[in-house]
Amino acid sequence: MINKPATGITMVFGVDPQNCFGHPNGGLYVKGGEKVVEPGNKLIAYGLENDYLIGFSCDWHPNNSDHFKPIGPWPRHGVAGTWDAEFLSGLNVPATSYIFRKGTKKHEHGYDPFEGKTDDGIGIENVLVHFGVEKIFAWGIAIDYCVKAFVLHALKLGYKVYLVIDASRSVNANLGDEQKAIEEMEATGVKLITTEEVLNGKFQTTLAD
Ligand code: VGL
């Protein structure tokens, strides 16, 4: 088969790379969460060089969210406008990024980034359709919750989705949660890749892949 460059647009999408999940003082610290910044920045820089779209989701909960104990399962985290909800320090968030805030209402858990909205009220699906996105490099926190929700939703909508595994971390509340999440995503069609593989252009879209 001839490898012709495809015309589809690619998006680099960072799921919830926030203090709450990635800083040791965060409200729901995920082990190793701070380590996503370096590969995340490499993916973003590569994306900018190649005219990819750059997107992020973030938890943006009200202080009295049902997502939090004792109503919900989680300690308080990602409260709108607080340090906890800010992006991780050192993360390059380009001015041209699309940022989708989720879990913004009391009754919303906001696991799925597709529920999120930009400050102008635009959802991810609108952006993907508008720009003709075909392929998404997903990375972030947490593999076993919001990353999984994002990946499964994007696959269901027909996008080609790659999970950049070294730029992602899991809560792992129960032993094996990460593995289970990965298996579910792989069974649905995600491909696991590394930051280096992205940067080496191994997954440049061709009609053959
Ligand atoms: C998340 C647990 C609770 C996530 C959010 O971003 O994956 N996980 N809230």
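So, to start: which residue just after α4 takes a positive phi? That's Gly-158, and its phi is about 100°. Keep in mind that what we're looking at is a predicted model.

Okay, the overall picture. The chain has six helices and six strands, and if you read along the sequence the pattern goes β-α-α-β-β-α-β-α-β-α-β-α. The radius of gyration is 16 Å, close to the 17 Å from the globule rule for 209 residues, so the chain is as compact as a globular protein of that length. If you box up the C-alpha atoms along the principal axes, you get roughly 60 × 40 × 30 Å. Of the 209 residues, 44% are buried. And looking at contacts with a separation of 6 or more, 76% are between residues 24 or more positions apart.

Let's go to the strands. Take β1, residues 9-15. Six of its seven residues are buried, so this strand is largely enclosed by the rest of the structure. On one pairing, β1 runs parallel to β4, residues 133-141, over seven bridges. If you want to find that on screen, look for Ile-9 with its bridge partner Val-133, or Thr-10 with Lys-135. β1 also pairs with β2, residues 53-59, again in the parallel sense, over five bridges. There the pair to look for is Phe-13 and Gly-55.

Now β4 itself. Eight of its nine residues are buried, so β4 too is largely enclosed by the rest of the structure. Besides β1, β4 has β5 as a parallel partner, with six bridges joining them. Ala-138 is the residue to click on there, and it stands opposite Leu-163 in β5.

Moving along from β4, we come to a loop and then α4. Ala-142 sits in that loop between β4 and α4, and the peptide bond leading into it from Ile-141 is cis, with omega near 0°. There's another cis bond in the model, from Lys-69 to Pro-70, with omega near 5°. Pro-70 is in the loop between β2 and β3.

Then α4, residues 143-156. This helix has a kink of about 25°, centred on Ala-149. How many of the residues of α4 are buried? Ten of the 14, so to speak mostly covered. Among the buried ones are Tyr-145, Cys-146 and Lys-148. And what does the covering? The cover includes β1, β2, β4, β5 and α5.

Next, the ligand. Which residues are around it? We have Asp-16, Phe-21, Leu-28, Asp-59, Trp-74, Ile-141, Ala-142, Tyr-145, Cys-146 and Val-171. By type, that shell divides into eight nonpolar, two charged and no polar residues. Notice some names we've already met: Ile-141 and Ala-142, from the cis bond, are in the shell, and so are Tyr-145 and Cys-146, which are buried residues of α4.

Asp-16 from that shell deserves a moment. Asp-16 lies in the loop between β1 and α1, and it has a positive phi of about 50° although it isn't a glycine. Buried or exposed? Asp-16 is buried, with 33 other C-beta atoms within 10 Å. Asn-172 is another non-glycine with a positive phi, about 55° here. Asn-172 is in the loop between β5 and α5, and with 16 C-beta neighbours inside 10 Å it counts as partly exposed.

Last stop, a couple of aromatics. Tyr-46 is in helix α2, residues 37-49. With 17 C-beta neighbours inside 10 Å, Tyr-46 counts as partly exposed. Leaving out neighbours within four places in sequence, Tyr-46 is in contact with Val-198 and Leu-199. Phe-203 is in the segment after α6, and with 17 C-beta neighbours inside 10 Å, Phe-203 counts as partly exposed. Not counting residues up to four places away in sequence, Phe-203 touches Tyr-162, Ile-193, Glu-197 and Val-198. So Val-198 turns up in contact with Tyr-46 and with Phe-203. For a sense of distance, Phe-203 and Val-30 are 173 residues apart in sequence and 28 Å apart in space, C-alpha to C-alpha.

That's the tour, thanks.

Notes. Residues numbered from 1 in each chain as written. Predicted model: local features only at pLDDT ≥ 70, side-chain atom pairs only at ≥ 80, totals over all residues. Near = placed C-beta within 6 Å. Nonpolar A, V, L, I, M, F, W, Y, C, P; charged D, E, K, R; others polar. Buried ≥ 20, exposed ≤ 12 C-beta atoms within 10 Å, placed from the backbone. Helix = DSSP H or I, 4+ residues; strand = E, 2+ residues; numbered from the N terminus. Pairing = 2+ DSSP bridges. Rg over C-alpha atoms; globule rule 2.2 N^0.38 Å. Contact = placed C-beta atoms within 7 Å. Bend = angle between axes of the 7 residues up to and from the residue.
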